[in-house]
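Student: I'm new to this one. Could you walk me through it, one question at a time?

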Amino acid sequence: MLPSSIRYWLFDKLSVQTMRYVTAVPTRQADGLTREVYDMIREDFFKNGSLTSRSRVPVLMAAIWTGGRESMLVADQVDRTTKDAISAVLSQINDCPYCEDMLVSLVHAGGEHDAAKDILRGNDFDAADATLRRRLEWVRAVATPGNDDIPPTPFSEDELPEVIGTLMGMSDINRFSHVVMEDSPVRAPFGIGAIKAWALRAFGNELRVTRDLSLEPGRAIDLLPPATLPQDLRWAAANPRIAQAVARWAAAVEREGEKAISPRAREAVSGSLRAWNGERMPLDSRWVEDDVAHLDGEDQAIARLAIMLAKAPYRVTDKLVTPVLAEGEGEERFIRILAWASFTAARHFARIVVGKIESANAAHRGAIAA
C-alpha cells in the first residue's frame with residue numbers, strides 16, 4: 001500500500017485529469033468553507049473530481065458532500081459495501097463511466113471482489129452473497145428506465161432512508177459528472193478489459209484504508225444552515241440525521257439555483273419532470289423541444305440542457321452545453337445551473353423509486369393474501 005501522502009496526491013490527480021468545462025480549486029488556494037470541506041473529505045474519504053468539480057461554488061460542494069457523506073458513507077443502518085455496490089450498479093445504468101469505475105474500486109476495497117467483477121461486466125450477480133445479490137438485482141430493476149417488474153424491497157423501513165438517499169446522491173453525482181468528466185480516469189491510462197479490471201482492484205486495495213475509518217454520524221450537517229424537510233423528501237423522515245442532511249442539501253441547491261436560473265426556466269424543467277415516470281425517451285429530440293418551445297434565449301438553452309440531463313443524461317453533448325456556457329458569467333454560474341439540474345433530476349428519481357417501492361410492496365402483500 002502506498003504512503004498516505006502519495007496515495008492522496010495520486011487519487012487527487014487522477015480524479016481531475018478528465019475534468020472539462022470547470023476546474024477544481026487547488027488545495028493550496030482553498031480557504032473558508034472550501035478548505036473546511038476539503039479537509040473533511042480528506043479525513044473521511046478521499047479527494048476526487050466528483051466532489052471538487054463544484055468547488056468554485058463552495059456551498060454546492062458542501063451540499064453534495066453533506067448529503068452524500070451522511071447517506072452514502074456513514075455505516076448506520078446499511079453497510080458501506082452495499083451502498084457502494086448499489087451506487088456502482090446505478091452508475092452503470094446511468095452510463096457514467098467515471099462514477100462506475102471509482103465505485104467498482106470501492107466494492108473491491110470492501111472485499112467483495114466477485115461482486116465487483118460482476119458489476120463491471122454487467123453480469124448477473126451470481127458471485128455475490130445472497131443478501132447482496134437480492135439488493136443489487138432490486139436496484140437494477142428499480143433504476144432501469146421503463147421497468148415496472150420490481151421485486152419486493154430487500155431493505156427494512158429503517159434502512160430505506162439511507163438507501164434512497166444513496167440512490168438520490170449517486171443519481172445527482174452521475175449527472176453532474178457525466179457533463180464535467182469526459183471519461184473515467186482509469187480508462188484513460190489503462191484502457192478496457194483485463195488490464196482495467198486489474199487496475200480497479202489495485203485502486204481498491206489503496207482505498208481499503210478509507211474503509212477502516214470510523215465516521216462520526218452527522219459530522220457534515222453543520223456545514224449548511226438548518227432547513228425544513230420538503231414534502232417530497234419525507235421518505236427521509238424515519239432517520240432524523242438523513243432527514244436533516246437532505247433538507248439542508250435541498251435548500252442550498254435551491255438558493256444557489258435561483259441565482260442563475262429564472263423562475264420560467266425552473267418551472268419548465270419541473271413541469272417536464274412531473275409528466276415523466278422514468279421511462280426511456282425516444283431517440284429523436286422532439287420531446288425536449290416541445291417542453292421548451294415557450295421559452296427563448298438563455299431560458300430555453302438552460303431548460304433544454306436540464307431536461308435532457310434528467311431524462312437521458314447519456315445524450316448530453318457539447319451542442320447542449322455550449323449555449324449555456326456561452327452566456328458567460330464564469331464557472332460559478334455554470335456550476336449553479338448544473339448542480340440545480342442534476343439535483344432536481346435526482347430528487348425526481350427518488351420520488352420514482354419511492355413510488356415503485358410502494359407499488360411493488362402492495363402487489364407482494366396482495367399476492368400473499370390471495
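Student: Leaving aside its neighbours within four places in sequence, which residues is Pro-58 in contact with?

Tutor: Happy to start there, and keep in mind that this is a predicted model. Pro-58 lies in helix α4. Once neighbours within four places in sequence are set aside, the contacts of Pro-58 are Leu-33 and Thr-34.

Student: Is Pro-58 buried, exposed or partly exposed?

Tutor: Buried would need under 20% relative accessible area, and exposed would need over 50%. Pro-58 has 27% relative accessibility, so it counts as partly exposed.

Student: How far apart in space are Pro-58 and Glu-36, C-alpha to C-alpha?

Tutor: In sequence, Pro-58 and Glu-36 are 22 residues apart. In space, their C-alpha to C-alpha distance is 9.6 Å.

Student: What about helix packing: is α4 parallel, perpendicular or oblique to α9?

Tutor: Two packed helices are described by the angle between their axes and the distance between the axes. Here the axes of α4 (residues 58–73) and α9 (residues 160–180) come within 8 Å and cross at roughly 140°. Roughly antiparallel would take an angle over 145 degrees, and roughly perpendicular runs from 65 to 115. That crossing angle therefore makes α4, relative to α9, oblique.

Student: Is the crossing of α4 and α9 left-handed or right-handed?

Tutor: This one can be read straight off the way α4 passes α9. The crossing is left-handed.

Student: Which residues of α4 meet α9?

Tutor: On the α9 side, the partners include Glu-162, Gly-165 and Ile-173. The residues of the contact of α4 with α9 divide into 4 nonpolar, 4 polar and 2 charged. From α4, the ones taking part are Ile-64, Ser-71 and Met-72.

Student: Now for rings. What kind of aromatic pair do Tyr-21 and Phe-334 form?

Tutor: A search of the whole structure turns up 4 aromatic pairs. For Tyr-21 and Phe-334, the centres are 6.0 Å apart and the planes are at 70°. Planes over 60 degrees apart count as edge-to-face, so the Tyr-21 and Phe-334 pair is edge-to-face.

Student: Why does that pair tie together parts that are so many residues apart in sequence, and how many is it?

Tutor: Tyr-21 sits in the loop between α1 (4–16) and α2 (32–44), while Phe-334 belongs to helix α17 (residues 330–369). The pair therefore ties together parts whose separation in sequence is 313 residues.

Student: Which of the two, Tyr-21 or Phe-334, is buried?

Tutor: Tyr-21 has 25% relative accessibility, so it counts as partly exposed. The relative accessible area of the other residue is 2%, so the buried one is Phe-334.

Key
Residues numbered from 1 in each chain as written. Predicted model: local features only at pLDDT ≥ 70, side-chain atom pairs only at ≥ 80, totals over all residues. Heavy atoms only, no water. Axes fitted to C-alpha atoms, helices over the stretch in contact; angles between N-to-C directions. Helix = DSSP H or I, 4+ residues; strand = E, 2+ residues; numbered from the N terminus. Parallel < 35°, antiparallel > 145°, perpendicular 65-115°, else oblique. Left-handed = near helix turned anticlockwise from the far one by under 90°. Contact = heavy atoms within 4.5 Å. Nonpolar A, V, L, I, M, F, W, Y, C, P; charged D, E, K, R; others polar. Buried < 20%, exposed > 50% of the residue type's maximum accessible area, 1.4 Å probe, protein only. Phe/Tyr/Trp six-rings, centres within 6.5 Å; stacked < 30°, edge-to-face > 60°.
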